[in-house]
Amino acid sequence: MATPSGWSTRQRAISGLVLGLLAALWWPVLSPAGAASVSPDAERRFVELAGAERAAAGLPAYATQGDLAEVARAQATRMAAEGRLYH
């Protein structure tokens, strides 16, 4: 994954941490049964945790958009059905 050349080592580390956190939180979703069982509370908590890491790095918080969340859920369901991660 390419990162902007102006990123500091700390920003790259935080970016890696956020990606790792994303993978850890979404790993249980990667089964057809798991994809259907993710609660809105779990999604909200993920955004809170990612936002806290960004704030610690001096970066702005994320904002969520319902239509994009629906697209992400559909993609997660497709990946779970196929048993693999991809974009």
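**Exercise 1.** In this predicted model, decide whether A56 is buried, partly exposed or exposed.

Solution. Start with the relative accessible area of A56, which is 45%. Next, recall the cut-offs: buried means under 20%, exposed means over 50%, and partly exposed lies in between. The value of 45% falls between these limits, so A56 is partly exposed.

**Exercise 2.** Place A56 in the secondary structure and state how far its C-alpha atom is from that of I14.

Solution. Find the element first: A56 belongs to helix α3, which covers residues 40-56. Then turn to I14, which is 42 residues away from A56 along the chain. In space, 8.6 Å separates the two C-alpha atoms.

**Exercise 3.** Describe the secondary structure of the whole protein and give its pattern along the sequence.

Solution. Count the elements: there are four helices and zero strands. Reading along the sequence then gives α-α-α-α.

**Exercise 4.** What percentage of the residues is buried, and what supplies 63% of the exposed area?

Solution. The protein has 87 residues, and 18% of them count as buried. For the surface, the exposed area is about 6,100 Å². Carbon and sulfur atoms supply 63% of that area.

**Exercise 5.** Among contacts between residues at least 6 apart in sequence, what percentage joins residues at least 24 apart?

Solution. Take the contacts that meet the limit of at least 6. Of these, 54% join residues at least 24 apart in sequence.

**Exercise 6.** How many aromatic pairs does the structure hold, and where does the charged end of R84 sit?

Solution. A search of the whole structure gives zero aromatic pairs. The ring of Y86 has the charged end of R84 over it, 4.2 Å from the ring centre.

Definitions and conventions:
Residues are numbered from 1 along each chain as its sequence is written. This is a predicted model: local features need pLDDT of at least 70, side-chain atom pairs count only at pLDDT 80 or more; totals for chains, interfaces and linings use all residues. Side-chain values use heavy atoms; hydrogens and water are left out. Helices (H or I, at least four residues) and strands (E, at least two) are DSSP runs, numbered from the N terminus. Buried means under 20% relative accessible area, exposed over 50%, partly exposed in between (1.4 Å probe, protein chains only). Contact means heavy atoms within 4.5 Å. Accessible areas come from the Shrake-Rupley method with a 1.4 Å probe; for residues, only the protein chains shown count as cover. Rings of Phe, Tyr and Trp (its six-membered ring) pair if their centres lie within 6.5 Å; planes under 30 degrees apart count as stacked, over 60 as edge-to-face and the rest as tilted. A charge sits over a ring if NZ of Lys or CZ of Arg is within 6 Å of the ring centre and within 35 degrees of the ring normal.
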